[in-house]
Amino acid sequence: MAKTAIAYKEKMKEISVLSLLCSCLYPEARKNLVGEFQGMEVKPINKRASGQAFEVILKPPSPMSDAAHSVTSPPKREVSLEDIQKKLEAAEDRRRSQEAQVLRALAEKREHERDVLLKAMEENSNFSKMAEEKLTMKMEQIKENRQAYLASIMERLQEKERHAQVVRRNKELREELTA
């Protein structure tokens, strides 16, 4: 298949571009256009609405042309020990550079994780301190309220006691006056 494609390319080079252009521009010359070029036959096909169509038939390549079109590989360049050493050193440098870059990225990630952890610990500590202070203030407030409540109860109790003494004295005075 590759040889056929190569042969086709070679034959297309041989066709005169000027003759193809002329056949398209001069319709009377197109009627007679059944030609055979070296190793290729060109036949016109019925005219289409979009323009003229041709059928190109390639002839099989001859054994002589087979040897002429063989593809040769470019000559190999000799590789010296120094070139190999340079390439190996360059590869080693690239590897080290990539490794250093990965280590830098990991170090940055660890640093970020450590910062986040420290910040979380600090926030937790601050929250604990705030909660403790709030609880202490609440306990003090409760203690003060309890003391005030007890003081008011004691005041009322003392007042009742005074009132009871007044009532007892009045009762004794009344009993003394009535007796």
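Here are some short exercises on the predicted model above, each with a worked solution.

Before we start: the model is predicted, so local features need pLDDT of at least 70, side-chain atom pairs count only at pLDDT 80 or more, and totals for chains, interfaces and linings use all residues. Residues are numbered from 1 along each chain as its sequence is written, and side-chain values use heavy atoms, with hydrogens and water left out.

**Exercise 1. The overall layout**

Find how many helices and strands the protein has, and in which pattern they follow one another.

*Solution.*
- Step 1: Learn the rule. Helices (H or I, at least four residues) and strands (E, at least two) are DSSP runs, numbered from the N terminus.
- Step 2: Count them. The protein has 5 helices and 3 strands.
- Step 3: Read along the sequence. The pattern is α-α-α-β-β-β-α-α.

**Exercise 2. Burial, surface and contacts**

Work out what percentage of the residues is buried, and then look at the surface and the contacts.

*Solution.*
- Step 1: Set the cut-offs. Buried means under 20% relative accessible area, exposed over 50%, and partly exposed in between (1.4 Å probe, protein chains only).
- Step 2: Apply them. Of the 179 residues in the protein, 4% are buried.
- Step 3: Turn to the surface. The accessible area (Shrake-Rupley method, 1.4 Å probe; for residues, only the protein chains shown count as cover) is about 16700 Å² for the protein, and carbon and sulfur atoms hold 59% of that.
- Step 4: Check the contacts (heavy atoms within 4.5 Å). Among contacts with a separation of 6 or more, 25% join residues 24 or more positions apart.

**Exercise 3. An annotated region**

Which residues does UniProt list as "coiled-coil region", and what is their secondary structure in the model?

*Solution.*
- Step 1: Look at the record. The unreviewed UniProt entry lists residues 81-115; positions use the numbering here, feature names are shortened, and annotations may be inferred rather than shown by experiment.
- Step 2: Compare with the model. This span is 100% helix and 0% strand, and its end C-alpha atoms lie 50 Å apart.

**Exercise 4. Salt bridges along helix α5**

How many salt bridges are there, and how are the partners Asp-93 and Arg-96 placed in helix α5?

*Solution.*
- Step 1: Use the rule. A salt bridge is a side-chain nitrogen of Lys or Arg within 4 Å of a carboxyl oxygen of Asp or Glu, and the count is 6.
- Step 2: Take Asp-93 and Arg-96. Their closest N and O atoms are 3.1 Å apart. The two residues are 3 apart in helix α5 (residues 81-178), so about one helical turn separates them. Asp-93 is partly exposed at 43%, and Arg-96 is partly exposed at 47%.
- Step 3: Move to Arg-95 and Glu-99. This salt bridge has a closest N and O distance of 2.9 Å, and its partners sit 4 residues apart in helix α5, about one turn.
- Step 4: Join them up. Glu-92, Asp-93, Arg-95, Arg-96 and Glu-99 form a network of salt bridges.
- Step 5: Finish with Glu-111 and Arg-114, whose closest N and O atoms are 2.6 Å apart. They too lie in helix α5, 3 residues apart.

**Exercise 5. A nonpolar patch**

Name the residues that make the nonpolar surface patch of about 390 Å².

*Solution.*
- Step 1: Recall the rule. Patches are made of residues with over 30% relative accessible area and no salt bridge; like charges are joined within 9 Å, and nonpolar side chains (Val, Leu, Ile, Met, Phe, Trp, Tyr) within 5 Å.
- Step 2: List the members: Val-79, Leu-81, Ile-84 and Leu-88.
- Step 3: Look at one of them. Leu-88 is in helix α5 and counts as exposed, at 54% relative accessibility.
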